[in-house]
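This report covers two sites in one structure: the surroundings of a single residue and the surroundings of a ligand.

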Amino acid sequence: MAALLLLVVLAAAATAGAVSATTVAYNDRALVIDGERRIIISGSIHYPRSTPEMWPGLIKKAKEGGLNAIDTYVFWNGHEPRQRQYNFEENYDIVRFFKEIQNAGMYAILRIGPYICGEWNYGGLPAWLRDIPGMQFRMHNEPFEREMETFTTLIVNKMKDASMFAGQGGPIILSQIENEYGNIMGKMNNNQSASEYIHWCADMANKQNVGVPWIMCQQDDDVPHNVINTCNGFYCHDWFPNRTGIPKIWTENWTGWFKAWDKPDFHRSAEDIAFAVAMFFQKRGSVQNYYMYHGGTNFGRTSGGPYITTSYDYDAPLDEYGNIRQPKYGHLKDLHNVLKSMEKILVYGEYNDTSYGKNITVTKYTFGGSSACFINNQFDDRDVNLTLGGATHLVPAWSVSILPDCKTVAFNTAKIKTQTSVMVKKPNTVEKEPEALEWSWMPENLKPFMTDEHGNFRKTQLLEQISTSTDQSDYLWYRTSLEHKGEGSYTLYVNTTGHEIYAFVNGKLVGQNHSANGAFVFQLESPVNLHAGKNYISLLSGTVGLKNYGPLFELMPAGIVGGPVKLIGANNGTAIDLTNSSWSYKAGLAGEYRQIHLDKPGYKWRSHNGSIPVNRPFTWYKTTFDAPAGEEAVVVDLLGLNKGAAWVNGNSLGRYWPSYTASDMDGCHICDYRGKFKAEGDGVRCLTGCGEPSQRYYHVPRSFLRAGQPNTLVLFEEAGGDPTRAVFRTVAVGTVCVAAAEEGDDVTLSCGQHGRVVSSVDVATFGVTRGHCGAYEGGCESKAALEAFTAACVGKESCTVRYTGAFAGAGCESGVLTVQTTC
Ligand code: GAL
């Protein structure tokens, strides 16, 4: 066994006073914290994807879910939106977030990156970096390394100043530099520079003297000697670190998947996640992080991709709004409890793996005279019986049984004992009915952009959008003019690299279009009429989040870069090529400069007896509403709107695009947890929401709302939509079920934490054959069980009933019991 590598504890720890320093070392089995080998079960919660008011609740739920650590990336372009202008306020108050983790008595993993991927705009890198001469992202060059080191040092110092590292008595036990560089390293245009860069990253990180180990995820080749390489993926049991003496760490166990505007919802089953986790710990894993434990919301313009939705729900154990997602949360909690009870034996024990044919492995850990066993069955279609120490155990297909004493199965990953909760969007009890929401409107002032005057600069070239606008807005105007003899009918052709475009000729909107997701290059084709004399062509290009992944991702262009832009005569085919005309550039919209979303006094909102124009592109809308009563999460349903952005009381809810429909992919409507989960390519399964708007509900965090006062919703609708159908809802537990109770089980049902109670017990049936929570079919109803659950549950927030032999009889053969209640 490799020698214990003791790390230097920060000198600051000695002076820290009241809080005691924690030492973090490691060996080939585990992190060694204060001299003890530990299991770390962590979950990612990204602080900017929720609000400071939500943080304590999210962290508390994570702890109650059996986690002992919280992990987050650091969001460079959120913290440094302009060079050397920093933002550490509100949901970017990173120190406050880490203090909340500390207050909860949990460990923390600080993944600085600062390239972070994360479906975040530009992978977290500020677009202004591009303006620095000689800059090449994520390669060995002075400009990039200087900026990366400056930011990394800033974050490290902030954390040190707040005594957040373990050696200072703080929660941080691990820190990360770069992110998945190994995945793209061989595809950069200069292998030597890439190699020098990743070694420079490790050296620069180690120079920071943080007193805790540095990790690098997905860096399996050319691994710097001074970092621990770690695994990301849906499964990491078969993966091992590159050298001995370092523990097996899983930095990203993907609990679901992200969503794009054209995609349905991905679901990764609780059974499959539990299976993957159990196998990881079976095979010597000791540090595991769920990516994501809470996904949250891409407020503002933070989503990347391009085309990642505003919701970053991720099908995580805590949903976008912070509600417990059942059965995922509870099933994993049950697993964590069993694993924690085995902590010592797993990290100190001797181990022995025995294969029973191709897909079955039994692992026995022994320590101090006791033993613990795992049995895994990796067949995706075959349950197996396995005899261990005289007893025979049925291990269902694609599952792991855990026997903490090698005799009794304490947990099987395919047997869910926790309730399933079906969440519903409830009408708002305080709000006026939707018809009664009074709307006013204001046109976006396009006038200044309908000529080619007053641009920021001119160029006889069609420029790339991101470098021209530095991504300070989604929008960039390209404007030019031409003299024409007499009248003429033409077709305007604009070649663009995306993501969307609006074309105006002489002040009139003549065409609009957007790219398909993935294939961002497209051509706009619009019939236009020119008049005699000077004609103005104004093209507005819009981006929907910047690319965040891939080799040289930052070079993927956007906008009308290079064009061509042409007019072709409708009758005679004459071509007027405008590509090299004098183009005048202006980033952003007038309403953005005026900050209409802040609804300042003096803005001239219009309303003619409550009637407003609908399906009118480039229109601002405003309404006031009462905050829904209670504490349940609030959403606004924007069905009927087209594409734009929304704010409540000046706080961004993010981009909206409810007119974008999720495609009907293979894998819609089919769901089986057995077999390898995938989010791309063949074999994708368990998708929902196919053929529906990919996102119609937008989270309005409670802290954005003011109780007992009017609240303002402002929409900027760019493509033309109808706001009058918009309505506020609260998110609540609707139906709750337990589907696989066995005799002797204590069956717990809960309607959540916000005072909602069970209103009725609807099903208490043996041997249900089909259906799902809310719609079960078959089986034999147990009168005794129904009465017992009704007596114990109705009127209560939660209740527990033991399944006893008394539930049988009345013509029913007892067996697996299904219970369903309405909240
Ligand atoms: C990983 C990456 C994460 C995130 C994830 C997918 O490859 O490290 O940042 O993008 O994929 O959600």
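The side chain of asparagine 377 reaches the backbone nitrogen of phenylalanine 379 at 3.0 Å, a polar contact (a pair of N or O atoms within 3.5 Å; within protein, one must be able to donate a hydrogen and the other to accept it, and residues adjacent in sequence count only if both atoms are side-chain atoms). The model is predicted: local features need pLDDT of at least 70, side-chain atom pairs count only at pLDDT 80 or more, and totals for chains, interfaces and linings use all residues. Residues are numbered from 1 along each chain as its sequence is written, and side-chain values use heavy atoms, with hydrogens and water left out.

Asparagine 377 belongs to strand E14, residues 370-377 (strands are DSSP runs of at least two residues, numbered from the N terminus). Asparagine 377 counts as buried because its relative accessibility is 0% (buried means under 20% relative accessible area, 1.4 Å probe, protein chains only). Leaving aside residues up to four places away in sequence, asparagine 377 touches, among others, Phe275, Asn359, Arg382, Asp383 and Trp398 (contact means heavy atoms within 4.5 Å).

At the ligand, side-chain N or O atoms of three residues pair with ligand oxygen atoms as follows.

| Residue | Distance to a ligand oxygen |
|---|---|
| Tyrosine 73 | 2.7 Å |
| Glutamate 119 | 2.6 Å |
| Glutamate 180 | 2.5 Å |

Taken alone, the ligand exposes 310 Å², of which the protein buries 94% (Shrake-Rupley method, 1.4 Å probe).

Technical notes. Helix = DSSP H or I, 4+ residues; strand = E, 2+ residues; numbered from the N terminus. Buried < 20%, exposed > 50% of the residue type's maximum accessible area, 1.4 Å probe, protein only.
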